[in-house]
Amino acid sequence: LAELLEAIQNEPADGYMEIQPGNWARISSELRNQLKQLRDAVHTNRGSLQMDATAAPMIEELVETQIDLKASKAWRTCLARLKKSKNLRPDPPESFQGTLRDYQLEGYRWLRRLAEWGVGGCLADDMGLGKTIQTLAVLIDRAKTGPALVIAPTSVGFNWIRETERFAPDLKPHAYRDTERASFLPKVQEGDVIICSYGLALRDAAALAKVAWGTLVLDEAQFVKNSRAKTSRAIQSIPAQWKLALTGTPVENHLGELWSLFRNVCPGLFGPWEHFRKEFAAPIEKRNDAQRRQALSRIIQPFILRRTKSDVLTELPARTETNLYVDLSKKERRRYDEMRLAALGELDEVVGAPDTKDQRFRILAMLTRLRQLACHVGLVDPTWEDDSAKLDLLVETLEELREEGHHALVFSQFTQHLAKIRDALDARKITYEYLDGSTPVKERQRRVDRFQEGQTDVFLISLKAGGTGLNLTAADYVIHMDPWWNPAVEDQATDRAHRIGQHRPVMVYRIITRGTIEEEILKLHAGKRDLVAGVMEGTEAAGRLSTDELVSLIRAHAAG
């Protein structure tokens, strides 16, 4: 088989393939196509051919075409599990306290089939489509396989506790951080759901690995997108009978993130990184190889389920996006142009630097200064006492919204910028809640509850700390103060308001400063929005924002 799969790389002439020097075999076009698909699903390690349960569908197809297959008992069992899983259409467990929408029922059944088959997967529904409750229904079914471990960002952990208590009362949720960890873990049992942060999972990986977990769930699984990070490697070491990833953004910047995610939940799917890089990442990202793109899409299709809100929530109110443009004052423009020209001059020196890491760091520092100046000169110069055109427009907008009875979320990537906004809102007596990475978990929930109850007009949120895991449907306006070149992050933040439970149309504003780096960043959005669709559907896929692209970004702007 190994020789056959190696030979299949070369298109055979007249249906014949040279298996070994001088030895030819006639292969039908149907079998040839099946072997090509199988080749993408197997991996070579130290000269031997390797495949796991994820290759079972291809093997099953070969068996159905009357190929004589000699396989071990384990493979026969795997094929039997695959066949059984295909016919599985379970209803939610009786103890589940809720009603699944049609697409959620489909998702629940898909998860159950994966678990029956014995392979991990990724539920990649848009934010706000109820990935948590679909998973909870499965956790009830799997309670007898052992305790469940849910690893999630700290900001999301409290939501898991509440949702488990609400929808799955037969399960016993525990916030791992609130337990006596050393004495607690040996006592966990069937029906327990342990909610653990990524930080604690890294710290206690060895102890967590000693528990016989029935299920491991990675929520906001983009946290393990960097395969070289300690957290990702630590979580890989925690065994479980079945693993599942939940994320609305399975790919944000490059295909290495997809490999890392599945390395955690279904390591046999892609095999070693070098294999994946050679067969998929390099051809797709560097050569725009359409055949490799289609092959990757075909491979991941059984293991990833993605639905967008526009696909399944016809009753969800409309979401409208618009850019509000603002001009810098003369003093702001003078300061900005000074930095723009300085960046252009510094760029030539930086590009010639031999240390590529230092080069990228300095380029990103330049971009950050330009982005901050586009928001508020005071973010770069603490002595600045004049106004900010962007901040003035925000305050005017928020005052209008308050008078009309609207509530708004305001996101910024710079906590210093949020501090300036807080001062401005205090001066205008506009009530607000505030959340960044330093906000304690329990206090976060209190602030969310106050906003949801209508006690305050605005919620100021750090994009990094509050872009995921919050339900803020009391807001019908979302304002992004500073654009980022990957709009997937902005989309996740917007989904705090535009999600199940929202009954009003949602308006999304981006406040953009004319004649600044922000306009160049917006030009990147279309390509980056295609990234997830490209991987999911086999269409065009954007690559990583390289150092050269960062340089081009500054040159295009600074020269203009």
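1. Contact, in what follows, means heavy atoms within 4.5 Å. The model discussed here is predicted, and the points below take up one strand residue, several helices, two loop residues, and the empty spaces in turn.

2. Val 478 is a residue of strand β16, which covers residues 477-480. Leaving out residues up to four places away in sequence, Val 478 touches Leu 409, Phe 411, Thr 494, Ala 497, Val 506, Met 507, Val 508 and Tyr 509. Its relative accessible area is 0%, and because buried means under 20%, Val 478 counts as buried. Between Val 478 and Leu 111, which stand 367 residues apart along the chain, the C-alpha atoms are separated by 33 Å.

3. Helix α12, made up of residues 255-265, is mostly covered, with 10 of its 11 residues buried. Those buried residues are Leu 255, Gly 256, Glu 257, Leu 258, Trp 259, Ser 260, Leu 261, Phe 262, Asn 264 and Val 265, so that the list takes in the charged residue Glu 257 as well as the nonpolar Trp 259 and Phe 262. Leu 255, one of the buried residues of α12, also provides a link to the next helix to be considered, since the C-alpha atoms of Leu 255 and Ile 284 lie 8.8 Å apart in space although 29 residues apart in sequence.

4. Ile 284 belongs to helix α13, which runs over residues 273-287, and at 3% relative accessibility Ile 284 counts as buried. Glu 279 is also placed in helix α13, and this charged residue is likewise counted as buried, with a relative accessibility of 11%. Apart from neighbours within four places in sequence, Glu 279 is in contact with Arg 39 and Arg 292.

5. Arg 39, one of the contacts of Glu 279, is itself among the buried residues of helix α2, which are Leu 31, Arg 32, Gln 34, Leu 35, Leu 38, Arg 39, Asp 40 and Ala 41. Helix α2 spans residues 29-41 and has 13 residues, and the distance from its first C-alpha to its last is 19 Å, close to the 18 Å expected at 1.5 Å a residue. As background to the reading of such a list, an α-helix has 3.6 residues a turn, so residues three or four places apart point the same way.

6. Two residues deserve a check of the backbone. Asn 288 has a phi near 55 degrees, a positive value in a residue other than glycine, and its place is in the loop between α13 and α14, the latter being residues 290-300. With a relative accessible area of 39%, Asn 288 is partly exposed. Lys 429 also has a phi near 55 degrees, again positive in a residue other than glycine, and this residue lies in the loop between α19 (415-428) and β14 (432-435). Lys 429 counts as exposed because its relative accessibility is 67%, where the cut-off for exposed is over 50%.

7. Arg 447 is found in helix α20, and its side chain makes a polar contact with the side chain of Glu 443 at 3.0 Å. When residues up to four places away in sequence are not counted, Arg 447 touches Glu 433, Tyr 434, Thr 439 and Phe 459.

8. Helix α20, residues 441-452, also takes part in the second largest pocket, for α6 (131-141), α7 (154-167) and α20 each supply at least two residues of the lining. The largest share of that lining, nine residues, comes from α7. The second largest pocket holds about 900 Å³ of space and is lined by 36 residues, of which Thr 132, Asn 159, Glu 163, Asn 471 and Arg 499 lie nearest its centre. By type, the lining of the second largest pocket divides into 12 nonpolar, 13 polar and 11 charged residues.

9. As for enclosed space, the structure holds four cavities of 30 Å³ or more, and the volume of the largest cavity is about 50 Å³. Its lining consists of Leu 139, Arg 142, Ala 143, Gly 146, Pro 147, Ala 148, Leu 171, Gly 191, Asp 192, Val 193 and Thr 215. The lining of the largest cavity divides into six nonpolar, three polar and two charged residues, the charged residues being Arg 142 and Asp 192.

Conventions: Residues are numbered from 1 along each chain as its sequence is written. This is a predicted model: local features need pLDDT of at least 70, side-chain atom pairs count only at pLDDT 80 or more; totals for chains, interfaces and linings use all residues. Side-chain values use heavy atoms; hydrogens and water are left out. On a 1 Å grid over the protein atoms alone, a cavity is a set of points where a 1.4 Å probe fits but cannot get out, and a pocket is an open set with protein on both sides within 12 Å along at least five of seven lines; lining residues have an atom within 4 Å of a point. Grid points are joined across faces, edges and corners, and a volume is the space filled by probe spheres set on the points. Helices (H or I, at least four residues) and strands (E, at least two) are DSSP runs, numbered from the N terminus. The expected span of a helix is 1.5 Å times one less than its number of residues. Buried means under 20% relative accessible area, exposed over 50%, partly exposed in between (1.4 Å probe, protein chains only). A polar contact is a pair of N or O atoms within 3.5 Å; within protein, one must be able to donate a hydrogen and the other to accept it, and residues adjacent in sequence count only if both atoms are side-chain atoms.
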